[in-house]
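Colleague: Please take a close look at one part of this model for me. I would like the helix packing and its surroundings.

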Amino acid sequence: MGSTYQTIADLEATAEEAGALGERVGAWLVAEGIAVPEPEPSDRDKTWYLPGPRWSHVTDERRSLGTDGLAVVTGRTVFFGSPSTGGSPICPHCAAHVPHDGAFHAAVDAWWATGLADVRCPVCGRTVPLPAWEWENDFFAFAHLGVEHWNGPPLRPAFIAELTEVLGHRTRLLAGKI
Ligand SMILES: [Zn+2]
């Protein structure tokens, strides 16, 4: 069966500010009555929030299996969309769709290891930091903060917009199944 996921990734948060921003998101979820903190947090880099009184703000449907909730993920993370769909890189400067080739595979590995990686656009020749590339199907986000929703119905656009406002940054929605 597998698991489905939707991730709202913050495309601009730095490694330094991700922790504080993640806490701001959590405080907002609680203050709005959308969610409540997990009673016994177990993972420093992933904080779970369980449905609160106003959970209907997040999705239109409510699951009854006790699996609802949101996870605020902080720390350098390669977020990805649907592996079955995939998606090619798009240069943010010249908008060329370029092959998802070895240069990108190496850059993904390097970014994951060090947080730094560039790929030169084969069309316009500019050197572009890996996180600045756009992706068909919003396939990748190389980010330090994301909010995950597992095995749930679609997130409401209004919720995504408000969360984006709380972050004060550009975000990208990635959805997939593993
Ligand atoms: Zn280019």
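Modeller: What follows goes from one helix pair to the core, then to a single residue. Keep in mind that this is a predicted model.

Start with helix α1, residues 15-31, and helix α3, residues 157-167. Their axes come within 10 Å. They cross at roughly 135 degrees. Angles over 145 degrees would count as roughly antiparallel, and 65 to 115 as roughly perpendicular, so α1 is oblique to α3. The crossing of these two helices is right-handed. On the α1 side, Leu 21, Arg 24, Val 25 and Trp 28 make the contact. α3 supplies Leu 163, Val 166 and Leu 167. By class, that contact has 6 nonpolar residues, no polar ones and 1 charged.

Now the core. The largest nonpolar core has 33 residues. Val 25, Ala 141 and Ala 143 have the most contacts inside it. Two or more residues come from each of β1 (4-10), α1, β4 (70-80), β9 (140-150) and α3. β9 gives the most, with 6 residues. In soluble globular proteins, nonpolar side chains tend to be buried together.

Last, Val 108. This residue lies in helix α2, residues 102-114. Val 108 has 18 other C-beta atoms within 10 Å. Buried takes 20 or more, and exposed takes 12 or fewer, so Val 108 is partly exposed. Leaving aside residues up to four places away in sequence, Val 108 touches Val 78 and Leu 130. Val 108 and Phe 140 are 32 residues apart in sequence. In space, their C-alpha atoms are 10.0 Å apart.

Note on methods. Residues numbered from 1 in each chain as written. Predicted model: local features only at pLDDT ≥ 70, side-chain atom pairs only at ≥ 80, totals over all residues. Axes fitted to C-alpha atoms, helices over the stretch in contact; angles between N-to-C directions. Helix = DSSP H or I, 4+ residues; strand = E, 2+ residues; numbered from the N terminus. Parallel < 35°, antiparallel > 145°, perpendicular 65-115°, else oblique. Left-handed = near helix turned anticlockwise from the far one by under 90°. Contact = placed C-beta atoms within 7 Å. Nonpolar A, V, L, I, M, F, W, Y, C, P; charged D, E, K, R; others polar. Core = buried A, V, L, I, M, F, W, Y, C linked by C-beta atoms within 7 Å.
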